[in-house]
2 protein chains.
Amino acid sequence: MRIKVGVSVRHVHLTEEDYNLLFDESLKSERELNQPGQFAAKQKVTLKIGTRTIENVRIIGPCRDYTQVELSKTDTYYLKINAPVRTSGDLKDAKGITIVGPKGSITRKAAIIADRHIHITKEDRELLQLSDDEYQVLIKGEKSGILGNVKIKEAPNSYFELHLDSDDANAFNLKQGDEVEIVKVKIWKKIKKTKGKSFQS
Amino acid sequence: MRIKVGVSVRHVHLTEEDYNLLFDESLKSERELNQPGQFAAKQKVTLKIGTRTIENVRIIGPCRDYTQVELSKTDTYYLKINAPVRTSGDLKDAKGITIVGPKGSITRKAAIIADRHIHITKEDRELLQLSDDEYQVLIKGEKSGILGNVKIKEAPNSYFELHLDSDDANAFNLKQGDEVEIVKVKIWKKIKKTKGKSFQS
């Protein structure tokens, strides 16, 4: 079954309280996202850890119940932190990071690497028979392969879409709107091992 | 069969002539690489396209018969170019890029994204029965999957190692020295498609 790819570049979610510590103006949409009600805001922040900074990081609105910074692994090397892979909203072991706005700055245990996930409604999930919690996706092309650990994220008013971070997308030359194939096989067990002895260098 | 991962971050190879246009001093090794005779040089350059620059890019020595800049897809987005995926040494459709050293600068059609490849000697290849031109590698962990299009690169004095660029490595949380499994299956045909109708949004 085919699904469209949405590429999530680094972004920030903020609680209303945290947003008001960073900005004096109200949060405004610059561009609607495919997920209903979600938008890329006009407002951007700077991320800071030690001497390393990343500027122009977009806020994704509306405000959330939690403050969260979604980074790629590439970003975490630059910032010199070891952020965990997490489902959005799960901030267990999230790393401390400073978020700077025009009005002020806050430091929160908020930095994660978002997992690979599929947004879907309950109705579509039944229609499409995607009853498992996790799938894989198959990517063709000159940098082909399979991405495992793709979680199903069921919620009302979801737009059926696969969300990947920029590392996953760039490893496979995928861009926003490309289509890939959802698959579900025990590939880890089914694949035939190559012959030959183990190599001892 | 298991193989160690070598992560190639962005780097530059230079002809001796081009090197001498950029530097007054001779090319010196800072650190030996696993591939015999290869080294990360003390000397670094700046890459430049339009107003975008990337500093501190390492030269990998010794000098080559060609000048080549190996970037990740992430780098190419930053530099705003569409560099092709190529085997090292194949500069067909390589993109123009300016390389700046302390002595001068050169502009060459040199920018590529290196393909995924395995370094191996003829002897090891026979011993390990890796007679095909291309394999896949299986990666376990919390960001698991399969990387396709992994080319076999046979040469004398090779160290048996899988070279991935930083996007491929970061998508799967792989770092230098990690081990992955070489596999060879027609996964594109063997995998069971998920049931259910195609989704029409």
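Reader: What makes Glu181(B) and Arg2(B) a salt bridge?

Author: In this predicted model, the closest N and O atoms of Glu181(B) and Arg2(B) are 3.6 Å apart. The cut-off for a salt bridge is 4 Å between a side-chain nitrogen of Lys or Arg and a carboxyl oxygen of Asp or Glu, so the pair qualifies. Glu181(B) lies in strand β14 (residues 179-183) of chain B and Arg2(B) in strand β1 (residues 2-8) of that chain, so the bridge ties together parts that are 179 residues apart in sequence.

Reader: Why is Glu181(B) called buried, and why is Arg2(B) called partly exposed?

Author: Buried means under 20% relative accessible area, and Glu181(B) has 12%, so it is buried. Arg2(B) has 41%, which is neither under 20% nor over 50%, and therefore counts as partly exposed.

Reader: What makes Arg125(A) and Glu154(A) a salt bridge, and which parts does the pair tie together?

Author: The closest N and O atoms of Arg125(A) and Glu154(A) are 2.8 Å apart, and this value is within 4 Å, so the pair is a salt bridge. Arg125(A) belongs to helix α3 (residues 122-128) of chain A and Glu154(A) to strand β12 (residues 145-154) of chain A, so parts 29 residues apart in sequence are tied together. Arg125(A) is buried at 15% relative accessible area, whereas Glu154(A) is partly exposed at 37%.

Reader: How do you know that the salt bridge of Asp165(B) and Lys143(A) joins two chains?

Author: The N to O distance between the side chains of Asp165(B) and Lys143(A) is 3.6 Å. Asp165(B) lies in strand β13 (residues 161-165) of chain B, and Lys143(A) in the loop between β11 (134-139) and β12 of chain A, so the pair joins two chains. Both Asp165(B) and Lys143(A) are buried.

Reader: Why does Glu70(B) have no salt bridge?

Author: The nearest side chain of opposite charge to Glu70(B) is Arg64(B), at 6.3 Å. A salt bridge requires a distance within 4 Å, so Glu70(B), although buried, has none. Glu70(B) is found in strand β6 (residues 68-70) of chain B.

Reader: What makes the approach of the Glu70(B) side chain to that of His13(B) a polar contact?

Author: The contact between the side chains of Glu70(B) and His13(B) is at 3.1 Å, and the limit for a polar contact is 3.5 Å, so the distance satisfies it. A polar contact of 2.9 Å also joins the side chains of Glu70(B) and Gln68(B). Among the residues that Glu70(B) touches are Arg10(B), Ser88(B) and Ile112(B).

Reader: How do you know that β8(A) and β9(A) pair?

Author: Strand β8(A) and strand β9 (residues 105-114) of chain A are joined by 6 bridges and run antiparallel. Pairing needs at least two bridges, so these strands pair. Lys95(A) stands opposite Ala111(A) in β9(A), and the two strands form a hairpin with 4 residues between them. On strand β4 (residues 39-49) of chain A, 3 bridges lead to strand β8 (residues 95-100), and these strands also run antiparallel.

Reader: Why is Asn149(A) called buried and Gln129(A) partly exposed?

Author: Asn149(A) has a relative accessible area of 15%, under the 20% limit, and is therefore buried. Gln129(A), at 45%, falls between 20% and 50%, so it is partly exposed. Asn149(A) is in strand β12 of chain A and has a positive phi of about 55° although it is not a glycine. Gln129(A) is in the loop between α3 and β11 of chain A, with phi near 55°.

Methods: Residues numbered from 1 in each chain as written. Chains lettered and ligands numbered in written order. Predicted model: local features only at pLDDT ≥ 70, side-chain atom pairs only at ≥ 80, totals over all residues. Heavy atoms only, no water. Buried < 20%, exposed > 50% of the residue type's maximum accessible area, 1.4 Å probe, protein only. Lys, Arg positive; Asp, Glu negative; His and termini not counted. Polar contact = N/O pair within 3.5 Å; in protein donor to acceptor, adjacent residues only side chain to side chain. Contact = heavy atoms within 4.5 Å. Lists of a residue's contacts leave out its neighbours within four places in sequence.
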